[in-house]
Structure formats: C-alpha cells, structure tokens
Amino acid sequence: MLIKKRRRAFTQLEQFREMKWLGNYKSFVSMLIIFVLASVTNEYFFTWENIVNIIRQASTIGIIALGVHFVVLLGMFDLSVGSVLVISGTVIMGSQSMFGTDIILSMALGIIVGCLVGFLNGFIIAYGRVPSFITTLGTMFLFRSIAMWYGSGGAVNGTYIRYTELGHGSIWGIPYLVFPLIVVAVSAHIVLTKTLLGRYIYALGQNPMAASLSGAPTRWIVITAFAISGTAAGMGAVLETSRLNSISTSSSGILYELDVISAIVIGGSNLKGGKGSILGTVCGVLMLTMISNYMNLQNVSPYLQGILKGILLLVILYR
C-alpha cells in the first residue's frame with residue numbers, strides 16, 4: 001500500500017514537472033494557436049506574401065523589444081525608445097543629406113547615437129537616483145524635440161535610393177530584415193544565459209539588495225542595460241529608415257514604447273523584474289503583429305483594433 005502511494009506521488013510529481021516545462025513555452029504555444037486560428041478563418045492569412053509582410057512589420061518592433069527586455073528584467077522601464085529611434089533615424093538621414101556620408105557610416109552613426117542616449121538614460125538613473133519611468137519620460141520629450149527642431153517638424157530624407165534595398169529586398173524569398181532580428185535575438189539570449197552580465201541582470205531584478213551585498217556593480221549593470229536598449233532602438237532606426245529612405249520627426253516611433261512593453265509582458269516577462277526570456281519576447285512581438293495583420297485582413301476598423309489588444313493585455317496581466 002505504501003509503495004503504491006509513493007508510486008502515485010512520484011507519477012504526480014513527474015506530471016507536474018512536465019506541465020512546468022510546458023509552462024515555460026506557453027507564449028510559443030499561444031503564438032501557434034493564434035497562427036492556426038487565423039490561418040483557418042482567413043484564406044489570405046496563410047500565404048507566403050502575408051507571412052513575409054508580418055515578418056517585415058515585426059522586425060523593427062522586435063529588435064527594439066529585445067533591447068528593452070534587458071531593462072524590464074531589472075524591473076525598470078524605457079519609455080524613450082520611440083524618440084531614440086527618431087533621433088537615430090534623423091542622424092542616419094541627416095548625415096547623408098548634409099555631409100554625403102556613406103550608407104554604412106551613416107548606419108553606424110545612428111546606432112552609436114542610440115547607444116549614447118541610452119547610456120545617458122542609464123547614467124541619470126544610476127547616479128542621479130531618478131526613477132527610470134521619470135527619466136525616460138523626460139528624455140522621450142527631449143530627444144523628440146531635438147529631432148523635430150532639426151527637421152522643422154517634417155521628414156528628413158536620405159540621398160541613396162539603393163538604401164531601400166535593405167528594407168524591401170530579400171534572399172531566397174526571405175526578407176533581409178529578418179536576419180538582423182535573428183542575430184540580435186540569438187546574441188541577447190547568449191548574453192542573458194551564458195555571461196556574467198546576464199546573471200547579474202537577473203539577480204538585480206530578483207533581489208536588488210542581495211545583488212548589491214554580493215558585490216555586483218549595480219550602477220554599471222543599469223547603465224549597460226539602458227545602453228543596450230538605446231543601441232537596439234538605433235538598430236530599429238536603421239530598419240525603419242531603410243523602408244522609406246526617410247524619417248518623420250513628428251510621427252515616426254509614436255507609441256512604439258507601449259507596443260514594445262506590451263509585447264514583452266505578453267511574452268511572459270514580469271514587470272517587477274527578474275523573470276522573462278528572449279523566446280517569450282519574440283513570440284509576444286509576433287503575436288501582436290499577427291493580431292494586427294489578421295484584423296486588417298478582416299477589415300476591422302483601425303480605431304477598434306486597440307480594443308482586442310487592450311483586452312489581451314488585461315487578461316495576461318490578470319493571471
């Protein structure tokens with residue numbers, strides 16, 4: 001009798017472990033369910049052209065979300081990424097039109113500017129002890145205003161038509177834009193799971209006091225996380241400007257910060273920090289993009305599309 005009870009308890013424990021393992025991939029499973037339902041109920045969804053369109057739409061937000069993921073793991077926010085994208089895009093386009101810089105050099109300048117303003121955010125938070133929400137809210141207005149002042153509130157255009165090949169070109173039917181997203185996702189996963197910086201970030205997000213007492217350089221961890229977030233926004237600016245060979249200083253990047261944070265939360269990250277995975281964030285971005293794409297195919301009014309996204313976010317936050 002005792003042996004039977006132990007076997008039953010062991011079996012229940014194994015079943016619980018299997019469910020816990022599955023729980024780690026629930027964002028991926030949720031994404032597959034949405035994909036199958038959308039494919040069954042709309043004949044145009046599961047076509048190669050539409051899948052390519054989804055990937056193109058997800059690439060910019062995806063790269064930015066992967067950078068902000070580092071900040072969220074610390075239990076902090078970066079509300080400035082939309083404005084960082086605009087100021088980086090303005091540098092990319094402005095350097096071409098004003099100084100005739102090469103395409104590669106202008107792209108590098110845009111990414112460097114993104115990294116520097118992210119560093120500035122982190123420095124103010126770490127050494128000024130200003131909450132991340134307040135700091136990035138302030139720099140969100142600051143960076144946007146600088147870009148609008150330079151562009152007089154209008155668009156800043158590039159000079160190289162072939163620059164758009166990056167945003168619209170493909171190889172073997174796969175858009176170029178998907179490759180930067182894959183490289184950034186794999187790199188971010190390796191940094192968070194295989195390096196000392198990744199262990200420090202998770203530790204600081206789970207228990208800041210314990211991480212500080214253990215000797216972790218907490219200020220530089222915060223600065224590094226925000227610099228990564230800014231760099232990702234700079235890379236997003238490269239992808240954004242490559243599609244139009246232009247950047248609108250007044251409208252580009254608007255509400256990107258909310259889309260990014262929504263995707264990260266839907267992907268399973270905890271806004272209090274210390275919990276989340278790169279796979280979950282990628283799945284969150286793809287889920288939001290697929291839902292928007294599906295509603296467009298179903299001719300749902302753009303003014304009503306926010307309702308479903310809002311309900312989805314509330315349901316996930318309620319868990």
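The following paragraphs lead through a predicted model, from its packed helices to its aromatic rings and some individual residues.

Two packed helices are described by the angle between their axes and the distance between the axes. A suitable starting point is the pair formed by helix α4, residues 81–99, and helix α5, residues 103–128. Their axes lie 8 Å apart, and the angle at which they pack is about 150°. Angles over 145 degrees count as roughly antiparallel, and α4 and α5 are therefore described as roughly antiparallel to each other. The handedness of a crossing is a further descriptor, and for α4 and α5 the crossing is right-handed. On the side of α4, the contact is made by Val84, Ile87, Ser88, Val91, Ile92, Ser95 and Gln96. On the side of α5, Ser106, Met107, Leu109, Gly110, Val113, Gly114 and Val117 take part. Sorted by class, the residues of this contact comprise 8 nonpolar and 6 polar residues, with no charged ones.

One residue of this contact may now be examined on its own. Ile92 belongs to helix α4. Is Ile92 buried or exposed? Its relative accessibility is 0%, and because buried means under 20%, Ile92 counts as buried. When neighbours within four places in sequence are left aside, Ile92 is in contact with Ser106, Met107 and Gly110, three residues that also appear in the α5 side of the helix contact. The remaining contacts of Ile92 are with Tyr163, Ala237, Val238 and Thr241. A distance along the chain can also be set beside a distance in space: Ile92 and Asp102 are 10 residues apart along the chain, and their C-alpha atoms are separated by 10.0 Å.

A second pair of helices offers another arrangement. Helix α9, residues 196–206, and helix α11, residues 218–244, have axes that come within 10 Å and cross at roughly 105°. Angles from 65 to 115 degrees count as roughly perpendicular, and this angle therefore makes α9 roughly perpendicular to α11. Leu197, Tyr200, Ile201 and Leu204 of α9 meet Thr218, Ile221, Val222, Thr224 and Ile228 of α11 in this contact. The contact of α9 with α11 has 7 nonpolar residues, 2 polar residues and no charged residues.

Helix α3 supplies a further buried position. Thr60 is found in this helix, and with a relative accessibility of 3% Thr60 counts as buried. Apart from neighbours within four places in sequence, Thr60 is in contact with Leu85, Gly236, Leu239, Glu240 and Tyr256.

Attention now turns to the aromatic rings. The model contains 7 aromatic pairs, counted by a rule in which ring centres lie within 6.5 Å. In one of them, the ring centres of Phe45 and Tyr294 are 6.5 Å apart and the ring planes stand at 75°, so this pair is edge-to-face. Where do the two residues lie? Phe45 is in the loop between α2 and α3, whereas Tyr294 is in helix α13, residues 278–297. The pair therefore ties together parts that are 249 residues apart in sequence. Phe45 has a relative accessibility of 0% and counts as buried, while Tyr294, at 23%, is partly exposed. Phe45 and Tyr294 also belong to a cluster, linked by ring pairs, that includes Phe35 and Phe46.

Another aromatic pair is formed by Phe119 and Phe123. Their ring centres are 6.3 Å apart and their planes are at 20°, so this pair is stacked. Both residues lie in helix α5, 4 residues apart, which is about one turn of the helix. Phe119 is partly exposed, with a relative accessible area of 33%, and Phe123 likewise counts as partly exposed, at 38%.

The final topic is the backbone. Most residues other than glycine have a negative phi, and most peptide bonds are trans. Trp172, in contrast, has a positive phi near 55°. Trp172 is placed in the loop between β2, residues 170–171, and β3, residues 174–175. With a relative accessible area of 77%, Trp172 is exposed. Leu255 also has a positive phi, of about 65°, although it is not a glycine. Leu255 lies in the loop between β4, residues 246–248, and α12, residues 256–266, and at 47% relative accessibility Leu255 counts as partly exposed.

Note on methods
Residues numbered from 1 in each chain as written. Predicted model: local features only at pLDDT ≥ 70, side-chain atom pairs only at ≥ 80, totals over all residues. Heavy atoms only, no water. Axes fitted to C-alpha atoms, helices over the stretch in contact; angles between N-to-C directions. Parallel < 35°, antiparallel > 145°, perpendicular 65-115°, else oblique. Left-handed = near helix turned anticlockwise from the far one by under 90°. Contact = heavy atoms within 4.5 Å. Nonpolar A, V, L, I, M, F, W, Y, C, P; charged D, E, K, R; others polar. Phe/Tyr/Trp six-rings, centres within 6.5 Å; stacked < 30°, edge-to-face > 60°. Buried < 20%, exposed > 50% of the residue type's maximum accessible area, 1.4 Å probe, protein only.
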